[in-house]
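Thank you all for coming. I would like to walk you through one structure this morning, and I will take it slowly for anyone who is meeting it here.

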Amino acid sequence: MRRLAPVSVLLLVACVTENAINGKNDPAGFDTSTDDWTPPDGDTADTSADTPPEECNGVDDDGDGAVDEDFPDDDGDGIANCMDCAALAETPGGTVAVLAECEGTGVTTVTDPWNVGIEWQYTTSGSGVIVMPAVGNMTDDNGDGAVDDRDIPDIAYTTWGDNTLCLLSGDGSGLIFQVSGYSGQGGVTIADVDDDGDPEIVAITNGNEIAAVDATGAAEWTSNTFGMMAYPQPAVADLDEDGYPEVIGDVGLVNGEDGSKIAELSGITNSWRTPVAADLDQDGTQEIILGNVVYDDKGKKLWTNGGTGAGNFAAVGDVDGDPGGEVIFVSGSTAYVHDDDGTLLNTFAIPGSNPGPPAMADFDGDGEVEIAIPANTYLSVFDIDGTKLWTMPIQDNSGLAGCSGYDINGDGAYEVLYADETDMRIYDGTTGKVLYDNPSHDSGTVWEYPVIADVDKDGSAEIIYASNGATQAITVLGHAGSGWAKSGETWGTHDFAVTNLNADGSVPVIPEASWQKYNVFRARPTVDDPSTPDLVVSITDVCVVCDSGAAELTFSVYNQGGQDVDLGVAVNLYADTDLGLSLVHTEVLPAIPAGTRLDPIAVDLTGLELGKYGYVAVIDEADGESECDETNNVDDYEEQFCF
């Protein structure tokens, strides 16, 4: 919930009668215009002209020792309904229908999806950015004492020329820190590498050391020096699945707790590369893929790829239907498809040379995975058997820039996102048609690529990319209309495969094989978890006893999303007064399973807490839950009481 704004919906009328509101109306059925009134049946009141009638007001008006006798008392507690807020009849808890779009089964329709605009842009120092911007949570934005996926994501990168490490807030509010001493040619990863609950930025120092940096810019540890290439890239994985992550910084393999050395990888014959970690053979330990070599979790060489080009970049997917992951290498003018044990399954020619990191996804919507490959003069999409779907010209003289995938318009076919030396473009995955072109981008590319994340936590995906030419900036693109479909909120690593990093930055001990769940690489599904919660609050009744200044407010909470909500979400109640909204109560809720309505919750209020013009209820005001719909968290109960 991003703002506190009444939605002006009155779900049920207040339980109070006019008698209870203003304290002076007569009970129904009584004629008090003369002294000749007839009491209700059984009333033993003195009927003389000097004896007042019994009104429903909590007072013994007729002096017979009984209060509000013969007025309805539905709950039998001795207090008439007109003075008893406990007599409210409420619908008990139970089940509610789960919205299809919150289950991940609905289709999000975006009007004019290629109406793209710059949401914000941050001009960097130095000569701009030539690395992939990493997106993850580094700061406790909601003040709950934890850094996790309830916070607004942040963007980490290094600057070329002045060699600094920087962290930006994903909402565009500006720089969090900038510290010197980190190679502007080295990439970054955001992950909780020491498993302490707070994510770190993994970066490469000017001295070719691997460093873990906290949210203030301070290095928690720095490794030994390694013989890295000129443009090193880090990755993080719990390689041996023992609960303690490892860090791969190009050829350096170190422990995530303290940066101590495990191994230095050797035998690579390609100059340009980025590390990939995956349990290819599903034996319980992950392999490292770097350049043309596949290593075990301790850095021992297992098998090699025959690519002889200057660059050798890999992607992992399922192409044969078995549990293992196949590796697709691109090197020179050739793509190589290897089984999980290294067996070469297929090769095919690719247009251009010096290919950059490829992306894998269902680009044509046929239910099968394809691979997108940029290679200096052409961007192409292929079936895994080598059948070319399309080729489009690009300008990337050095080659090596990467690409990514996302189904922006929700039609089941992923688009290809790519930024070369002159333009940032979105391509139709089926045909290669350019759907969006931003010529304000320019870059002397390395192997950066655009990433996709809901970086400002507004419920709509954004595209984040780096520029380092005439434009030297981090740019965030979004839909210029009502918003694209919601995506996940983080993209913390160059070898992004959805399941290899958790949304809160923690490193999974035994990651689910991405090729078995999503079968994407450097791409993401429209929603990482196909189900999301959706919390709704409604004020169902307000009962006010004006004479005593007592009141009871009853509200209902339900989760019409497809994902359970843990205990701890709060509802804030505000009284609407002459001075505006005043917080009068906070109710912390129990766990709310998907498709469940809680039992009604009643809150007693005093005269000082009465809302002259009604009440407003807000659920999840701290924005702790990422919901299917962030716009339905407020209910406004409009009624004027006792004034």
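Let me begin with a pair of charged side chains: Asp578 forms a salt bridge with Lys612, and the closest N and O atoms of the two are 3.2 Å apart. This pair links distant parts of the chain, since Asp578 sits in the loop between β37 (570–577) and β38 (580–588), Lys612 sits in the loop between β40 (601–605) and β41, and the two are 34 residues apart. Asp578 counts as exposed, because its relative accessibility of 55% is over the 50% that the term requires. Before going further, I should say that what you see is a predicted model.

With that said, let me step back to the whole protein. Its secondary structure comes to three helices and 42 strands, and of its 643 residues, 56% are buried. The accessible surface comes to about 23400 Å², with 47% of that belonging to carbon and sulfur atoms. If we take the contacts with a separation of 6 or more, residues 24 or more positions apart account for 59% of them.

Now back to the charged pairs. Side chains of opposite charge can pair when their charged atoms come close. How many salt bridges does a search of the whole structure find? The search finds nine. One that I would like you to look at joins Glu625 to Arg150, where the closest N and O atoms are 3.2 Å apart. Glu625 lies in the loop between β41 (614–619) and β42 (634–638), and Arg150 in the loop between β3 (134–136) and β4 (154–159), so this pair ties together parts that are 475 residues apart in sequence. The two partners can also be described by their accessibility: Glu625 is buried, with a relative accessible area of 11%, whereas Arg150, at 24%, is partly exposed.

Another salt bridge is the one in which the side chains of Glu512 and Lys517 meet, at 3.7 Å from N to O. Here Glu512 is partly exposed, with a relative accessible area of 43%, and Lys517 counts as partly exposed too, at 40%. There is also a network of salt bridges, which links Asp420, Asp423, Arg425 and Asp437.

Let me turn from charges to strands. Please find the open sheet of four strands, which has the order β2-β33-β32-β31 and antiparallel pairing. Which strands are at its edges? They are β2 (116–123) and β31 (451–453), each of which pairs on one side only. Neighbouring strands of this sheet are turned by 25° against each other on average, if direction is ignored. Within the sheet, β2 pairs with β33 (residues 472–479) in the antiparallel sense over seven bridges, and, to take one position, the bridge partner of Gln121 in β33 is Thr475.

A second place to look at strand pairing is the hairpin formed by β13 and β14, which has five residues between the two strands. Strand β13 (residues 252–255) and strand β14 (residues 261–264) run antiparallel and are joined by three bridges, and Val254 has Lys261 as its bridge partner in β14. In the turn, Gly259 has a positive phi of about 80°.

On either side of this hairpin in the sequence there is a loop residue that I want to point out. Asp250 is found in the loop between β12 (246–249) and β13, and is it buried or exposed? Asp250 is buried, with a relative accessible area of 0%. Its side chain makes a polar contact with the side chain of Arg273, at 2.9 Å. Setting aside neighbours within four places in sequence, Asp250 is in contact with Arg273 and with several others, among them Met228, Met229, Pro232 and Leu265.

The other residue is Thr274, which has its place in the loop between β14 and β15 (276–278). Thr274 is buried as well, because its relative accessible area of 2% is under the 20% limit. Leaving aside its neighbours within four places, the residues in contact with Thr274 include Ile289, Phe313, Trp447, His494 and Arg522. Gln233 and Leu290 are in contact with Asp250, and both are in contact with Thr274 as well.

I will finish in helix α2 (residues 100–103), where Glu103 is found. Glu103 is partly exposed, with a relative accessible area of 38%, and from C-alpha to C-alpha it is 9.7 Å from Ala594, although the two are 491 residues apart in sequence.

How values were computed
Residues numbered from 1 in each chain as written. Predicted model: local features only at pLDDT ≥ 70, side-chain atom pairs only at ≥ 80, totals over all residues. Heavy atoms only, no water. Pairing = 2+ DSSP bridges. Buried < 20%, exposed > 50% of the residue type's maximum accessible area, 1.4 Å probe, protein only. Contact = heavy atoms within 4.5 Å. Areas by Shrake-Rupley, 256 points an atom, 1.4 Å probe, with all protein chains shown as cover. Polar contact = N/O pair within 3.5 Å; in protein donor to acceptor, adjacent residues only side chain to side chain. Axes fitted to C-alpha atoms, helices over the stretch in contact; angles between N-to-C directions. Salt bridge = Lys/Arg side-chain N within 4 Å of Asp/Glu carboxyl O.
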